[in-house]
Amino acid sequence: MADPFEVRMRFTSQLQHLNASVNSSQKAAHYALKNRDMDEDLHSCILEQLERNSMNNRANIMYFIEHLCDMAQRENHLNFVRMMQKDILMVVDGVAPSDGSGAANVKVVRRVLQGLQQKSILQPSTVTEIEECLKERDTVSEHPALSPIDVNAQGEHPPNQAPSAKTNGVTRPDKRQIEQRIEEDRERHKRLRESIWAIGAEGDEEFERLWDEVSDIGEDDYIAAEEDAMERRQAIEVE
């Protein structure tokens, strides 16, 4: 049996070094399931890291939670799922706090909640209840510290304001954190586009979708086809 302290430290390190890649989330999820006998302790690690890390890292942990619950469900180890269901409000508060410091993470929270609902991990009523809370936190424009910043501005800051100064009580992310977030969001959007265009193993899903979208053949279609055929015959005769 692995040393509990070592397992906890290693899992904590994996959470701290999560990034936008699917591999990092899957690796951490595999490690958690490998040590499922310590599921309660590992769950507490997740909650702790949501309190201690940067907003960028908290967003990565939120995406990781979806991977963990999905894998735990498929492997029929539902303790992770049940604990996450019980503490989902605490998780949301950690990723997108009510003080506005996590306003940039509200979209992340919504996306993951929708994914968990689609996988039947969260009930629609729970997601609806959380959405009501998120409406009050989706206020990026009202918080200058989280407003869009030109990453090509060579790190310039207003007079007497340090890179990590607080504006209206909210810590302004530094240039490095902003650039990191931009790159991670870009990577996620790239994967999202790839998944949209992905064709299933059967290869028939896209065909069925396109077939359903095509309207029935009408008289106008036959007339248009006859006109096209006549134009082709005339072109051949000219040649």
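# Burial and packing in a predicted model

**Exercise 1.** Starting from helix H6, whose buried residues are Ile-88, Val-91, Val-92, Gly-94 and Val-95, determine on which side or sides of the axis these residues lie and which elements cover them.

*Solution.* The model is a predicted one, in which local features need pLDDT of at least 70 and side-chain atom pairs count only at pLDDT 80 or more, while totals for chains, interfaces and linings use all residues. Residues are numbered from 1 along each chain as its sequence is written, and side-chain values use heavy atoms, with hydrogens and water left out.

Step 1 fixes the terms: a residue is buried at under 20% relative accessible area, exposed at over 50% and partly exposed in between (1.4 Å probe, protein chains only), and helices (H or I, at least four residues) and strands (E, at least two) are DSSP runs numbered from the N terminus. Step 2 takes the buried residues of H6, namely Ile-88, Val-91, Val-92, Gly-94 and Val-95, and finds that they cover an arc of only 160° around the axis, which puts them on the same side of H6; the arc is that of the directions from the helix axis to the C-beta atoms. Step 3 identifies the cover of these residues, which includes H3, H4, H5, H7 and H8, where contact means heavy atoms within 4.5 Å.

**Exercise 2.** Carry out the analysis for H5, asking which of its residues are buried and what covers them.

*Solution.* Step 1 lists Phe-80, Val-81, Met-83 and Met-84 as the buried residues of H5. Step 2 looks down the axis of H5, where these buried residues fall within an arc of 165°, so they line one face of the helix. Step 3 turns to their cover, which includes H2, H3, H4 and H6.

**Exercise 3.** Test whether the span of H8 agrees or disagrees with the rise expected for a helix, and then locate its buried residues.

*Solution.* Step 1 uses the expected span, which is 1.5 Å times one less than the number of residues; the 12 residues of H8 should therefore span 16 Å, and its end C-alpha atoms are 17 Å apart, which agrees. Step 2 names Val-127, Ile-130 and Leu-134 as the buried residues of H8, and these fall within an arc of 70° when seen down the axis, so they line one face of the helix. Step 3 adds that their cover includes H6 and H7. Step 4 considers Pro-124, which is also placed in H8 but is partly exposed, with a relative accessible area of 44%. The C-alpha atom of Pro-124 is 9.5 Å from that of Leu-113, and the two residues are 11 apart in sequence.

**Exercise 4.** Describe the largest nonpolar core, stating which residues touch the most other members and which element gives the largest share.

*Solution.* Step 1 defines such a core as a set of buried Ala, Val, Leu, Ile, Met, Phe, Trp, Tyr and Cys residues joined through side-chain atoms within 4.5 Å. Step 2 finds 45 residues in the largest one, of which Phe-11, Ile-46, Phe-64, Val-91 and Leu-113 touch the most other members. Step 3 assigns the core to elements: those giving two or more residues are H1 (4-16), H2 (22-34), H3 (39-52), H4 (55-74), H5 (79-86), H6 (88-95), H7 (106-118) and H8 (124-135), and the largest share, 10 residues, comes from H4. Step 4 follows Phe-11, which, leaving out residues up to four places away in sequence, touches Ala-28, Tyr-31, Ala-32, Leu-42, Cys-45, Ile-46 and Phe-64. As background, nonpolar side chains in soluble globular proteins tend to be buried together.

**Exercise 5.** Establish whether Pro-97 and Gln-14 are buried or exposed, and what each one touches.

*Solution.* Step 1 places Pro-97 in the loop between H6 and H7, where it counts as buried at 13% relative accessibility. Step 2 gives its contacts beyond four places in sequence as Met-55, Arg-58, Val-92, Gly-102 and Arg-137; Arg-137 is 40 residues from Pro-97 along the chain, with 7.6 Å between their C-alpha atoms. Step 3 places Gln-14 in H1 and finds it buried, with a relative accessible area of 14%; outside its neighbours within four places, Gln-14 is in contact with Lys-27, Ala-28 and Tyr-31.
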